[in-house]
Amino acid sequence: MSGSELLVVGATILEPDEPLRVADIRATDGIITEVGPGLRPGSAQVIDAEQMVAMPGLINAHTHSAQNLDRGTTPNLPLDLWLMWAVFGKVPISADDRYTLAMAGALEMLQSGCTAVLDHGWVAPWDFEDYSEAIMSAYSDAGMRVGLAPMIGDLDIFDTMSFAGASRPKPEPLGDPFEAEGLLESMARFFDRWQGAHRRLTPMVGPSAPQRCTHELMDGLAGLARERGAGFHTHVLETKTQIAANLERYGRSSLAYLEDLGLLYRGASLAHSVWMDSDEFSTVRRCGATIVHNPVSNLRCGSGILPVADLLEGGVSVALGADGAASNDNQNMFEAMKFATLMQTLHGSHLRWPQAPAIWRMCLQGGAAALGRPLGSLQPGSAADIVLLDTERHVPLHAEGLATSLVLAEHGESVHTVIVDGTVMVSEGRSTRVDEGAMAERSRALQRRFHEGLPERQAFYDRYVDVLTEIHDYEMARPTPVERLARITPAFGSD
């Protein structure tokens, strides 16, 4: 609303690298304009926050909204096998289903203190416009900030894997390949529709992964990103098995390929990146791109441990993602921060383990870099994305202690009010914009469909488990320049 003004009064402000202080926060037209004591309300909407802590909204820098209701159904599996169960074996969904799925995740995130998300959302190539419209509409209706990077590719999944170690033949394609030309045309129309249309909704370029796309598609997306000044997001080197696949396709690493295309820049973000080597991490830093760490899904799929301490000490921009609910089982960024903090105890000296406040800063500042927006701060000039916490059980009286308490002990129960773009989207823990009862019923109906399809998923997975296990085991046994797995000595006998 033009000229809209909001005043948060008497909050205890928790912000990275700042001491706790009590102050008021004024937001005008969605931007924080003043922070200090005793601000005059004038015509502003006033929120009494004298018993609350105000912090910047958390940022989820990598997820897949199509999985939001697919939680608790997928076994713990390595990524290539997980894809057969969680992605390719899934029941078909419609554009209307995509609205329900995106809305379910948006409400969960908002009510647990997350105000912005980078959604690497799958969009049906045969109905691209309706699917992308449904996803954007859900985030708009919920009141969430989003960068939507439609996850597209034009290669069959089996053409993206290395079968060098397989005794069985490569499986037949799962379907007819999509055409790069048609996908590029759809992406151009997506930007025509959404770029500049709504200040909370941002279109981005988002191929699934370099090895899942032809050069024609990747080159075309690079041109689109340059032409539109758009953010870029993709999966990179999530697993050890992808090292060989990328070398076979490009004769060089996927990161070098992305750099050659001009797709590493400030505003580009790379999900996972677990199996990069030190030179590749240095390239990310030099180019100003951001790595998005997804600790829960990395554990769920056994992908390995990202060396976060090395990256932060080396000046690499690092963000934090929940990843999709089929490899996480929720969209709670407090939990993602806790896992990110604790997971680092398996890597390196305890003297270098990143502590909870550093992970919190990563979530905020790295997330802002991934989305390319002025987020993650309560300073004037930042977007007015503010979370008010009723923190009676969080008693530390200094900022580092309070941040640690929230990261390690909070799950979102303390979230009272959520403000996005200067507008109250959650009040007393409930959405101000959505009929939550009606949406819950829609979600339950869709979830029942998913559960009814589990036997078919199992049968689909069973067709490919043997050959994919063989190539997985072969690649995992091969030496690589880096090691990202925590090796455990068997309790009895040998491996």
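**Figure 1. Salt bridges in this predicted model****.** The count of salt bridges here comes to 26. Side chains of opposite charge can pair when their charged atoms come close. One such pair is Arg 457 with Asp 70, whose closest N and O atoms are 3.0 Å apart. Where do the two partners, Arg 457 and Asp 70, lie? Arg 457 belongs to helix H15 (residues 454-477), while Asp 70 sits in the loop between strand S6 (58-63) and helix H1 (79-86), so this bridge ties together parts that are 387 residues apart in sequence. If you look for the two residues on the outside, take note: both Arg 457 and Asp 70 are buried.

**Figure 2. Asp 421 and its salt-bridge partners Arg 145** **and Arg 199****.** Start with Arg 145, which forms a salt bridge with Asp 421 where the closest N and O atoms are 3.6 Å apart. Asp 421 lies in the loop between strand S17 (415-420) and strand S18 (423-427), and Arg 145 in strand S8 (residues 145-148), so the pair ties together parts that are 276 residues apart in sequence. Both residues of this pair, Asp 421 and Arg 145, are buried.

Now turn to Arg 199, whose side chain meets that of Asp 421 in a salt bridge of 2.6 Å, N to O. This pair also links distant parts of the chain: Arg 199 is in the loop between H4 and strand S10 (201-203), 222 residues apart from Asp 421 in the loop between S17 and S18. Is Arg 199 buried or exposed? Neither word quite fits, because Arg 199 has a relative accessible area of 39% and is partly exposed. Asp 421, in contrast, has a relative accessible area of 11% and is buried. Salt bridges that share partners join Arg 145, Arg 199, Asp 385 and Asp 421 into one network.

**Figure 3. Aromatic rings that pair up, 9 pairs by count****.** In the pair of Trp 122 and Tyr 131, the ring centres are 5.8 Å apart and the planes stand at 90°, so the arrangement is edge-to-face. Trp 122 has 29% relative accessibility and counts as partly exposed, whereas Tyr 131, with a relative accessible area of 4%, is buried. Phe 128 and Phe 190 make another pair, with centres 6.1 Å apart and planes at 70°, so this one is edge-to-face too. Since Phe 128 lies in helix H3 (residues 128-142) and Phe 190 in helix H4, the pair ties together parts that are 62 residues apart in sequence. Phe 128 and Phe 190 are both buried. Which residues form one aromatic cluster? They are Trp 122, Trp 126, Tyr 131 and Phe 178.

**Figure 4. A negative patch on the surface****.** Here you can find Glu 179, Glu 181, Glu 185, Glu 216 and Asp 219, which form the patch. Helix H4 (180-194) and helix H5 (215-228) are the elements that give two or more residues to it. Glu 185 is found in helix H4 and, at 40% relative accessibility, counts as partly exposed. Glu 179 lies in the loop between strand S9 (151-152) and H4. Glu 179 counts as exposed, because its relative accessibility is 61% and the cut-off for exposed is over 50%. To get a feel for distance, pick out Arg 478: Glu 179 and Arg 478 are 299 residues apart in sequence and 34 Å apart in space, C-alpha to C-alpha.

**Figure 5. Asp 97 in helix H2****.** Helix H2 covers residues 95-111 and contains Asp 97. At 8% relative accessibility, Asp 97 counts as buried. From Asp 97 to Ala 66 the C-alpha distance in space is 8.7 Å, and the two residues are 31 residues apart in sequence.

**Figure 6. Asp 17** **and Asp 329****, each with a positive phi.** Most residues other than glycine have a negative phi. Asp 17 has a positive phi of about 65° although it is not a glycine. The place to look for Asp 17 is the loop between strand S1 (5-13) and strand S2 (21-28), and with a relative accessible area of 56% Asp 17 is exposed. For Asp 329, the positive phi is about 85°, and this residue is not a glycine either. You will find Asp 329 in the loop between strand S15 (317-320) and helix H11 (333-343). Its relative accessible area is 24%, so Asp 329 is partly exposed.

Key. Residues are numbered from 1 along each chain as its sequence is written. This is a predicted model: local features need pLDDT of at least 70, side-chain atom pairs count only at pLDDT 80 or more; totals for chains, interfaces and linings use all residues. Side-chain values use heavy atoms; hydrogens and water are left out. Patches are made of residues with over 30% relative accessible area and no salt bridge: like charges are joined within 9 Å, nonpolar side chains (Val, Leu, Ile, Met, Phe, Trp, Tyr) within 5 Å. Accessible areas come from the Shrake-Rupley method with a 1.4 Å probe; for residues, only the protein chains shown count as cover. A salt bridge is a side-chain nitrogen of Lys or Arg within 4 Å of a carboxyl oxygen of Asp or Glu. Lys and Arg count as positive and Asp and Glu as negative; His and the chain ends are not counted. The place of a charge is taken as NZ of Lys, CZ of Arg, CG of Asp or CD of Glu. Helices (H or I, at least four residues) and strands (E, at least two) are DSSP runs, numbered from the N terminus. Buried means under 20% relative accessible area, exposed over 50%, partly exposed in between (1.4 Å probe, protein chains only). Rings of Phe, Tyr and Trp (its six-membered ring) pair if their centres lie within 6.5 Å; planes under 30 degrees apart count as stacked, over 60 as edge-to-face and the rest as tilted.
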